[in-house]
Amino acid sequence: MTPSDTLPNALAGLDAIVDDVLPCAAVFLDFDGTLSPIVENPDRAAALPGIAVLLERLARRLPVAVVSGRGLADLAPRVAVEGVAHAGSHGFEIRTRDGREVRPFPEAAAPLEGAIPALRRVAAAAPGSRLEDKRFALALHLRGVPPALEKAAAARTRAIAEARGLRFSHGRRVVELRPPDAWDKGRAVEWFLDRWASGGSRPRALYIGDDVTDEDAFRALSSGAGTGIVVRPRPPRDTAARWALEGPTEVRTLLLRLVDAVDGARRSPA
């Protein structure tokens with residue numbers, strides 16, 4: 001693990017990144033904070049202008065998936081790009097590149113149901129919060145909550161998770177409960193890579209994300225399966241990523257350069 005504020009910028013190291021993942025690569029991207037700026041109201045989040053066109057161009061050349069904590073029904077319309085796969089609810093809900101829907105652990109939602117009444121009480125004590133039931137995750141959004149109440153709400157949510165054996169994560173002004181099953185963004189990436197293998201070899205992965213939950217994917221790649229790029233968090237945290245970007249605008253720039261690099265590699269003589 002490396003402090004995120006010490007990582008080199010991925011745009012400056014693009015040649016090394018391209019050399020690492022090409023010619024056989026797969027690209028994975030988080031949504032909020034990566035393709036879309038973080039906004040006060042998550043319902044209003046949208047990918048930056050031009051992102052959809054770049055993803056469409058990239059998906060014609062390489063396998064591409066958007067991996068998010070949002071539920072699949074919420075995520076897919078926000079990145080409605082032909083040929084791009086989606087993994088919602090941290091990978092518990094998957095839509096393949098050809099539109100087929102897969103739920104690796106359909107029974108995983110059951111343990112969350114019993115936590116809903118307790119989380120509703122937490123939300124009632126934190127005015128400005130919003131409870132979101134994503135079936136395979138329960139998110140308590142805290143962006144409208146005063147700081148003192150936000151801290152208390154996060155602590156009470158963690159206690160609910162510990163009492164019920166659920167997974168707890170604390171992101172940017174949101175806390176989340178997830179099923180206890182060993183499934184996360186990292187496992188979702190592995191699932192895709194196994195299915196995108198050709199000739200017995202899996203593609204090299206490039207994963208870009210900003211959230212604490214993206215660390216599961218960075219760790220999955222740190223053993224040599226690919227490269228992780230963190231959208232530099234504020235405040236800094238330790239990360240398993242190897243490179244960093246400063247925000248969604250730099251993500252868009254990297255995607256543009258990556259498309260150009262792939263095209264250039266294909267034009268080069270064997």
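Which residues line the largest pocket? Select His170, Gly171, Arg172, Asp210, Asp211, Val212, Pro233, Arg234, Pro235, Pro236 and Arg237, and you have the lining on screen. Keep in mind as you click around that this is a predicted model.

**Stop 1: the largest pocket**

The space in this pocket comes to about 200 Å³. Colour the lining by class and you get 4 nonpolar, 2 polar and 5 charged residues.

While those residues are lit up, zoom in on Arg234 and Pro235, both part of the pocket lining. The peptide bond joining Arg234 and Pro235 is cis, with omega at about 0 degrees. Pro235 sits in the loop that runs between strand S12 (226-231) and strand S13 (238-239).

**Stop 2: the largest cavity**

Keep Asp211 selected, since this pocket-lining residue also counts among the residues nearest the centre of the largest cavity. To see the others in that central group, add Asp32, Gly69, Lys134 and Val174. How many residues line the largest cavity? The lining has 28 residues, and the cavity holds about 410 Å³ of space. If you run a search for cavities of 30 Å³ or more, expect 1 in this structure.

Now show the strands. S7, S8, strand S9 (167-170) and strand S10 (174-178) each put at least two residues into the cavity lining. S10 gives the most, with 3 residues. Split by class, the cavity lining has 6 nonpolar, 8 polar and 14 charged residues.

**Stop 3: Asp214**

Next, select Asp214, in the loop between strand S11 (204-209) and helix H8 (215-221). Is Asp214 buried or exposed? Asp214 is buried, and its relative accessible area is 0%. Turn on side chains and look for Tyr207: a polar contact of 2.6 Å links the Asp214 and Tyr207 side chains. If you skip sequence neighbours within four places, Asp214 touches Asp30, Lys185, Tyr207 and Gly209.

**Stop 4: one side of helix H2**

Go to helix H2, residues 51-59, and pick out Ile51, Leu54, Leu55, Leu58 and Ala59, which are buried. Why do they sit on the same side of H2? Look down the axis: they are on the same side because they cover an arc of only 130 degrees around it. The general rule is that an α-helix has 3.6 residues a turn, so residues three or four places apart point the same way.

**Stop 5: backbone oddities**

Time to switch to backbone torsions. As background, most residues other than glycine have a negative phi, and most peptide bonds are trans.

Start with Leu22 and Pro23, which are joined by a cis peptide bond with omega at about 10 degrees. You'll find Pro23 in the loop between helix H1 (14-21) and strand S2 (25-29).

Then jump to Ser89, in the loop between strand S4 (84-88) and strand S5 (93-95). Ser89 has a positive phi, near 50 degrees. Ser89 is also buried, with a relative accessible area of 0%.

Finish at Arg135, in the loop between strand S7 (130-133) and strand S8 (138-141). Those flanking strands, S7 and S8, are back from Stop 2, where each supplies at least two residues of the cavity lining. Phi of Arg135 is positive too, near 70 degrees. What is the relative accessible area of Arg135? The value is 42%, so Arg135 is partly exposed, whereas Ser89 is buried.

Terms used: Residues are numbered from 1 along each chain as its sequence is written. This is a predicted model: local features need pLDDT of at least 70, side-chain atom pairs count only at pLDDT 80 or more; totals for chains, interfaces and linings use all residues. Side-chain values use heavy atoms; hydrogens and water are left out. On a 1 Å grid over the protein atoms alone, a cavity is a set of points where a 1.4 Å probe fits but cannot get out, and a pocket is an open set with protein on both sides within 12 Å along at least five of seven lines; lining residues have an atom within 4 Å of a point. Grid points are joined across faces, edges and corners, and a volume is the space filled by probe spheres set on the points. Ala, Val, Leu, Ile, Met, Phe, Trp, Tyr, Cys and Pro count as nonpolar, Asp, Glu, Lys and Arg as charged, and the others, Gly among them, as polar. Helices (H or I, at least four residues) and strands (E, at least two) are DSSP runs, numbered from the N terminus. Buried means under 20% relative accessible area, exposed over 50%, partly exposed in between (1.4 Å probe, protein chains only). A polar contact is a pair of N or O atoms within 3.5 Å; within protein, one must be able to donate a hydrogen and the other to accept it, and residues adjacent in sequence count only if both atoms are side-chain atoms. Contact means heavy atoms within 4.5 Å. The arc is that of the directions from the helix axis to the C-beta atoms.
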